[in-house]
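Biologist: Please take a close look at one part of this model and tell me how the residues there are placed. I would like to know what is open to the surface and what is covered.

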Amino acid sequence: MNSIIDTIKRILPEDRILINESMKAHTTFRTGGTADLFLMPENADQLSELIRFFREEEEEYFIIGNGSNLLVSDRGYRGAIIAVTEAFSDIEVSGTEIHAGAGALLSRIADAARKNSLTGFEFASGIPGTAGGAMVMNAGAYGGEMKDVVKLVEVLTPDGERVTFSNSEMGFGYRKSIVRKEGLTVLKIVFSLSPGNSEEIGAKMEELSAKRREKQPLEFPSAGSTFKRPEGHFAGKLIMDAGLSGFSVGGAFVSEKHCGFIINKGNATSNDVYRLIKKIQSVVKEGSGVELEPEIMLIGEFE
Ligand SMILES: Cc1cc2nc3c(=O)[nH]c(=O)nc-3n(C[C@H](O)[C@H](O)[C@H](O)COP(=O)(O)OP(=O)(O)OC[C@H]3O[C@@H](n4cnc5c(N)ncnc54)[C@H](O)[C@@H]3O)c2cc1C
């Protein structure tokens, strides 16, 4: 471990290296143990060097954005979490295109679109993730998805090489793309939007935000929808019909406002959330025959 830290100190300034960092501070679930290392590269060169180093040394690493789709084990993560966040959050508008760093929050990109009278990004304004995280799952809401607005995506390959993919090369599908499968790290995205009216764009964003506040338990920590939408069904409805609304394990609850959300009512552990996921899966399977697949990503060891 010490020799790893020594090498990392040659790549990153010391204040960008955190040791035994609690993942509670870096996930919207506000649960989880510590990561051996939490690294905050300042630019693409440092990021590329880190990835190359971890691969050569066959050491574990995991890229995170805003941590809004993650459940980190209470036992933590034995490896390095690499944050692609503020240092990668530049946003530039050029005609009808928005060029965004992978660490830019979708809400900020939506704001830039509104200010520049560009329409098409309103659907994403309330998704609390980064642009890079959104590429992984082809994040979507209210009838829109990343696939509709992405033109180009610049990535680092696992060998640390920079490559640019077009929309059609990204393999976007329902909550999937090639990013995870190919072990890519997203650096930049070019979004292609359309000319619109800034007041109308603002009104649309406000309407969607009100819908979210009304339907989703935003007052509690969560990672959004826990499960993917099973073909022909809605996860939340299956869970409600199974009688699990309000069901809890420790501090983790099935939200009564939206049964598709597991919420942390203050003192949940990741294990509580995990056990609740398992319980929901088995009860729903027994009652309806439908297998619910988690949308959130589990990191570290469970069970
Ligand atoms: C209240 C709430 C509401 C939500 N609503 C929605 C919704 O409407 N629609 C929706 O799709 N999702 C929703 N989500 C889930 C989540 O916000 C999205 O999946 C988001 O895109 C995740 O982005 P992130 O930056 O937080 O990624 P993280 O949670 O940090 O990471 C998720 C995955 O992306 C990978 N990743 C992150 N950054 C990069 C990068 N630069 N390069 C490569 N891989 C990367 C990680 O390795 C991980 O596999 C919601 C979550 C919450 C808490």
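Modeller: Glu56 has a relative accessible area of 61%, and because exposed means over 50%, Glu56 counts as exposed. Keep in mind that this is a predicted model. Glu56 belongs to helix H2, which covers residues 44-56. On the surface, Glu56 gathers with Glu57, Glu58, Glu59 and Glu60 in a patch of negative charge.

Helix H2 also gives a way to the covered part, since its range of 44-56 takes in Ile51, and Ile51 is one of the residues in contact with Thr157. Thr157 sits in the loop that links strand S11 (150-156) to strand S12 (162-166). The relative accessible area of Thr157 is 13%; the limit for buried is under 20%, so Thr157 is buried. Besides Ile51, the contacts of Thr157 are Val163, Gly183 and Leu184, with neighbours within four places in sequence left aside.

Gly183 can be followed from there. Its place is the loop between helix H5 (178-181) and strand S13 (185-192). With 31% relative accessibility, Gly183 is partly exposed. Not counting residues up to four places away in sequence, Gly183 touches Leu156, Thr157 and Pro158. Of these, take Leu156: 27 residues separate Leu156 from Gly183 in sequence, and their C-alpha atoms are 8.9 Å apart in space.

To put the part together: Glu56 is exposed, Thr157 is buried, and Gly183, partly exposed, is in contact with Thr157.

Note on methods
Residues are numbered from 1 along each chain as its sequence is written. This is a predicted model: local features need pLDDT of at least 70, side-chain atom pairs count only at pLDDT 80 or more; totals for chains, interfaces and linings use all residues. Side-chain values use heavy atoms; hydrogens and water are left out. Patches are made of residues with over 30% relative accessible area and no salt bridge: like charges are joined within 9 Å, nonpolar side chains (Val, Leu, Ile, Met, Phe, Trp, Tyr) within 5 Å. Accessible areas come from the Shrake-Rupley method with a 1.4 Å probe; for residues, only the protein chains shown count as cover. A salt bridge is a side-chain nitrogen of Lys or Arg within 4 Å of a carboxyl oxygen of Asp or Glu. Lys and Arg count as positive and Asp and Glu as negative; His and the chain ends are not counted. The place of a charge is taken as NZ of Lys, CZ of Arg, CG of Asp or CD of Glu. Helices (H or I, at least four residues) and strands (E, at least two) are DSSP runs, numbered from the N terminus. Buried means under 20% relative accessible area, exposed over 50%, partly exposed in between (1.4 Å probe, protein chains only). Contact means heavy atoms within 4.5 Å.
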